[in-house]
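This report describes the overall architecture of a protein model and then turns to its aromatic side chains.

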Amino acid sequence: MARTQFLPQDHPHYKWVALSNTTLGMLMATVNASIVIISLPAIFTGIRLDPLQAGNVSYLLWMLMGYLLVTAVLVVTFGRLGDMYGRVKIYNLGFVVFTVGAIALSLDPTTGGPAALWLIGWRIVQGVGGAMLFANSTAIITDAFPAHRRGMALGINQVAAIAGSFLGLLAGGFLAVIDWRAVFWVSVPLGVLGTVWGYRSLHETGTRNPGSLDWPGNITFAVGLTALLTAITYGIQPYGGHPTGWTNPWVIGGIVGGLALLGLFVLIELRSRAPMLDMRLFRIRAFAMGNLAGLLAAIGRGGLQFMLIIWLQGIWLPLHGFAYEDTPLWAGIYMLPITVGFLIAGPICGTLSDRYGARGFASAGLLLVAATFVGLMILPVDFPYWAFAVITLLSGIGSGMFSAPNRSAIMSSVPANERGAASGVAGTVLNAGSSLSIGIFFSLMVAGLAASLPQTLHDGLTAHGVPAAVADQVAALPPVGSLFAAFLGYNPIQSLLAPTGVLSTLPPADAATLTGQEFFPQLISGPFHQGLVIVFGVAAALSVVGALASLVRGGRYVHDDDAPARDREPSGATPDGSALGSAAVGHRS
């Protein structure tokens, strides 16, 4: 008897099987990109390691960036491999690798530094699996759905992908309370389900683009992007008496060297017979401008996520009676309006973009996001929650309006045999933007804090009996320490004063005040708001530039692989004046 529960590829309902499985894959991959962020306090407590001690900050940074870095670097390579050997094959392998990584992470056998290295190493392995999923999921959907339904399908997929980054915060908060290993356990049954389901139900429906693997291109891209993203992330660490590390020769060398290698990568690809990424894709205006807008949106969205976590965990929640150790969970709960906004706007705007095109929805969405950044700038630090909820809900709606139509426009603009590489580029843009946001926005916030926090901290400590010499010593510490403490849900003042031993010498009333719920939030409110104005001002500007890039992408353009030669534009030109050789055929509506 035939197993009717698994549909053949020509069945009219097969496309929904492809959509549901790839949406599960994207949700799992993006949830795991953020679930660790909110669970870091429980994880470091579980492995008995203080991430704020000298020498341990690198563990913290690599726990934050390792997964994002690997997915950003490898996603284009796995997209190209999908074009060569089959997108479903690479995608299903991604589920396997991801699940193996999740199992290994939950079985960490050691403590201290070795335990941290175990977690970092297996997070990198998990990132390899995530890159396989990222690279091929949208290409599989694009292959399965006709052009007039792709916006709806990719809308659902992209909502799962981007909302997953915020759902991960909520899931991490809940699971970390149970057991830090549960943060990794949750991926195991989902990974097993996705693996079995994918191998049994997905079919290769796309057009292959065979050829040899472009080793020079792969190596220069991987090393160049790794150097660039790592250097930018390490730019937030203090160096040579400066609050940040942008003058560190290693950081400067990483940025310059990374950019040079990426430039070399472009030259290699232009001359390669079988390039990892056909650079002529960027001559398609809808593809190039869509990815530029996506990069700027991803940087802004990542900055929003990190700043809201610090704002809630370090200031707002303690001021409203929440213990520091409980703030990670409640930060995830109070950020739910962003996810709700995504869930409302993404599928609706993705479906409407099938009919009316992506440009209007995507551009308006980023302008709405820019307006919400301005709204957050003028919101008081101790805000009424209803105002915060409305602004973040609108931010989620704006991001949903942008993300689904933008991805649909990108994927519909390229030839069928380049969809894996195109999906890889879009995935690289998403993950590189998230990784860049760590270095960019933490540095901007540190710059804002450095102007006034040291004096504010000194005055507040001496007012409660801390000797001037100790207050000077603590105030001179780089602001990034206070920032990371707030980000991790630790009591920042206790973290700063514990190494000095002064707390035990103070009158009990002063010690209780200094380490209480309100002292640090009230102390940092002014300097923090100065930093927020800088951070959200830059994020608003990036969103406006992204909206402008979206506007100039042109009208609705769908690449037509089946058009006869007589219908092609002269010399391979696309209707917007761009070109992609003789294969660049499409139509606008």
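How many aromatic pairs does the structure hold? In this predicted model, the structure holds 21 aromatic pairs. One of them joins Trp 316 and Tyr 385, whose ring centres lie 6.1 Å apart with the planes at 45°; this angle is neither under 30 degrees nor over 60, so the pair counts as tilted. The pair links distant parts of the chain, since Trp 316 belongs to helix α10 (residues 285–319) and Tyr 385 to helix α14 (residues 385–412), 69 residues apart.

The two partners are set out below.

| Residue | Relative accessible area | Class |
|---|---|---|
| Trp 316 | 5% | buried |
| Tyr 385 | 26% | partly exposed |

Both residues also belong to one aromatic cluster, which is formed by Trp 311, Trp 316, Phe 322, Trp 330, Tyr 334, Phe 383, Tyr 385, Phe 388 and Phe 528.

As to the overall fold, the protein chain contains 20 helices and two strands. Its radius of gyration is 24 Å, close to the 25 Å given by the globule rule for 589 residues, so the chain is as compact as a globular protein of that length. The C-alpha trace spans about 85 × 50 × 45 Å along its principal axes.

Buried residues account for 61% of the 589 residues. Of the contacts between residues at least 6 apart in sequence, 83% join residues at least 24 apart.

Turning to the surface, the accessible area of the protein chain is about 21100 Å², and carbon and sulfur atoms contribute 67% of it. The chain carries 27 positive and 25 negative side chains, with the centres of the two sets 14 Å apart.

Conventions. Residues are numbered from 1 along each chain as its sequence is written. This is a predicted model: local features need pLDDT of at least 70, side-chain atom pairs count only at pLDDT 80 or more; totals for chains, interfaces and linings use all residues. Side-chain values use heavy atoms; hydrogens and water are left out. Helices (H or I, at least four residues) and strands (E, at least two) are DSSP runs, numbered from the N terminus. The radius of gyration is taken over C-alpha atoms; the globule rule is 2.2 Å times the number of residues to the power 0.38. Buried means under 20% relative accessible area, exposed over 50%, partly exposed in between (1.4 Å probe, protein chains only). Contact means heavy atoms within 4.5 Å. Accessible areas come from the Shrake-Rupley method with a 1.4 Å probe; for residues, only the protein chains shown count as cover. Lys and Arg count as positive and Asp and Glu as negative; His and the chain ends are not counted. The place of a charge is taken as NZ of Lys, CZ of Arg, CG of Asp or CD of Glu. Rings of Phe, Tyr and Trp (its six-membered ring) pair if their centres lie within 6.5 Å; planes under 30 degrees apart count as stacked, over 60 as edge-to-face and the rest as tilted.
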